[in-house]
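Visitor: I have a model open and would like to learn how to read its helices and side chains. Could you take me through it?

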Amino acid sequence: MDFLKIDKKWQKRWEEAKADSFEKKNVDKKKYVLEMFSYPSAANLHLGHWYNFGLTDVYARLLRMKGHEVFQPMGFDSFGLPAENYAIKTGIHPKDSTEKNIATMEVQLRNMGASFDWDYEVVTSRPDYFKWTQWLFLQLYKHGLAEEKLAPVNWCPSCNTVIANEQVVDGACERCGSTVERKEMRQWFFKITNYAEELLRDLDKIDWPEKTKLMQRNWIGKSAGGEVEFDLVGGGSFKVFTTRADTLFGCSYVVLAPEHPLVDKITTPENREAVEEYKRQASVQSEIDRTSTVKEKTGVFTGAYAINPINGRQVPVWVADYVLATYGTGAVMAVPAHDTRDFDFATKFNLPIERVVKSADGSPDDLPYCEYGVAVNSGFADGKKTLEAKTAILDKLAQLGKGGQKVTYRLRDWSVSRQRYWGAPIPVIHCPKCGVVPVPEKDLPVELPYDVNFNPSGKSPLASKDSYINVKCPVCGEDAKRDPDTLDTFVCSSWYYLRYPNAKLADKPFDTEWTDKMLPVDTYVGGAEHACMHLLYARFITKALRDMGYIHVDEPFKKLVHQGIILGPDGKRMSKSRGNIINPDDYVSVYGSDVFKMYLCFAFSYTEGGPFSKDGISAIAKYLDRVERLVMKAYEGRENAPADLKKVASLEYDVNYAVKACSADIENFSFNTAVARLMELTNAMYKYDDADSALFNASETLIKLMTPIVPHFAEELWEATGHTSLVVKESYPVCDETKLVKAEVEIPVQLLGKLKGTILLSPDADEATASKEALAFLGLDSAKKIIYKAGKIINVIA
């Protein structure tokens, strides 16, 4: 069969018949199947795209053949750094390069033969989409979920740009080697922390991999403990969060982050020079380096003192870089006798170390003793076990108005400002008179000017475009300026699943009634690397829009599946530097899309992946040729009546077993075992060998079973065997459970533990019948003992 020729033939037929179109009238039977859309930051689809999109389409086709109305749209996450960096590398404007790449990738995706409904395509960098991304920003702002505030960032003075924590290596920029500085910049934030508890709680409602849910739980990082307020000698106060309030009597010093706003206010003149130098040193380290457990502890005394509220004791206030202003309150109480980090710090700087907990059972409790035990040297809490002491001390603090029970979260608000060009402009105007003024919704979208130097220069590229940045305030009419930043690309992808069903709407982002019918996404497929970013952000946006009344669903994605990673032939991650990148077009152009997709299905466990081997592709092509010969043989003998009914019964068993197994395997994304079942059925059909109506019936079932995986090939065989309908529109075979009960099965017969052969017995034959048949087979009149396991084995001891 000419696999390349049939690809084009059947893709044209499907398009003419609108075989992949979603019928809105059948929404009550809908299954919303969605793959994470791709970044058009490179010129072609890579192997990962094929593995995600191609194999998820197998699942979608199965659902469609089972009678579901499948909604499987496709689009492009086209704003953001990947596309902008590609444009900077090539010298082509981001808009031009992105649109060109999209056009190329659209052709490749269509040539894949997947059943995407292109009528619902979305492209996040086009005004008809980012208009509504800006609308989303405005709704969050109106409801108090978007705010502008100062935030510390990693700043590379050479690249003149903000870089992520992951891009800082040993305090230096991974790209140019320059020492990275910490500085504060005004940023827009979405208050995802308002939903911390619900985001945590609702993980129990969704069918996601447990590892992914655990990652989100850890990222949200709920901690139950207490809050303690320390007054400063001379005026002012600060709060700390602790999970070990029982140790408060042992607090011998407190520590502030170098960036804490109180540091400048409380530092005494004689300590100011040392504190300023320490702050400068801390600013050139990343948060990852600062919080490293193996890093030597450093710090400096401010000269100020705070008052421990539980005992009135004055304790020194230090500054240390292991405390982060962006985590918790930016301040910690130090109890060196019962915390390893505090113990090391106190030992180095000769600070008091005082025991307030001892072992409850007499076991070793050398300092630092960090386990639970019994309170000592703790006043009214003496003798109480740890949990009791915690409660007693926090209750006392509450009475004093200096603290109490507290739940805190590791989760931080989502910073969405980006000092880059290729993104959705933030729809805000800054007016000297009116302050922050949202762009009126009637003026959306705020579009990107084309003629802008988008190379990174240290400030937002849009800030240098006067005709863009200078505007009139929509409130007072005075001169004002647009916000120069663009939105994080994750804002674009945080709501795209809502836009897909409403892609044709021009007057609003989505229709509430229709969206309530379409959401949540039934099955969402994509990489596990998005666990604590995109997947978390999408959940937050869904809940926020629900609370605003725009939708009435709690979660965006009901079921989540992560695909594995296909490695290079050398077993390593694919990269240009290793020279092990596989271009799928090199194989699709030779073998066609079906052969390549079936290879991907068979060669890997979908959620695990593995090393690529081109040898397996030709084997799949040979297998499909073998199936074609078998089907055509069966078609030629379709008028012949079966001669051996026992053989027919055995074949029917194999057929129905394959139907049941393939269906279950594909639904569980176990594509490799589904292909194995097809191969087993093919072998059983070859073994049957009679070209008759039974083999023909089996071949028709085989074609339908293969349709989700190799639809072009299946269509060609369906047509060749006399059908005029499209096989992709046919119903998936249903297992006849009665055919899975064999009249007779082969039972191994052993003599003294050695296999002598097999006999045919009813699976539920009783012991007397089995014993009689086994003795006859062995030519024996009697035996000392016969061990019989019904339907499995007979062991005769003569």
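Guide: Happily! Let's start with a definition: a polar contact is a pair of N or O atoms within 3.5 Å, where one must be able to donate a hydrogen and the other to accept it. Please keep in mind that this is a predicted model. Here, the side chain of Thr-682 comes to 2.8 Å from the backbone oxygen of Leu-678.

Visitor: Where is Thr-682 placed, and is Thr-682 buried or exposed?

Guide: Thr-682 lies in helix H22. Buried means under 20% relative accessible area, so Thr-682, at 0%, counts as buried. Leaving aside residues up to four places away in sequence, Thr-682 touches Tyr-623, Arg-626, Val-627, Leu-630 and Leu-702.

Visitor: How do I read a helix such as H20?

Guide: An α-helix has 3.6 residues a turn, so residues three or four places apart point the same way. Among the buried residues of H20 are Ile-620, Tyr-623, Leu-624, Val-627, Leu-630, Val-631 and Ala-634. The elements covering the buried residues of H20 include helices H1, H18, H19, H22, H23 and H24. As for length, 22 residues at 1.5 Å a residue should span 32 Å, and the end C-alpha atoms of H20 are 33 Å apart, which agrees.

Visitor: At what angle do H20 and H23 pack, and which residues make the contact?

Guide: H20 and H23 pack at about 145°, with their axes 8 Å apart, and their crossing is left-handed. H20 contributes residues including Tyr-623, Val-627 and Leu-630, while H23 brings Leu-695, Ser-699 and Leu-702, among others. The residues of this contact divide into 12 nonpolar, 1 polar and no charged.

Methods. Residues numbered from 1 in each chain as written. Predicted model: local features only at pLDDT ≥ 70, side-chain atom pairs only at ≥ 80, totals over all residues. Heavy atoms only, no water. Helix = DSSP H or I, 4+ residues; strand = E, 2+ residues; numbered from the N terminus. Expected span 1.5 Å × (residues − 1). Buried < 20%, exposed > 50% of the residue type's maximum accessible area, 1.4 Å probe, protein only. Contact = heavy atoms within 4.5 Å. Axes fitted to C-alpha atoms, helices over the stretch in contact; angles between N-to-C directions. Left-handed = near helix turned anticlockwise from the far one by under 90°. Nonpolar A, V, L, I, M, F, W, Y, C, P; charged D, E, K, R; others polar.
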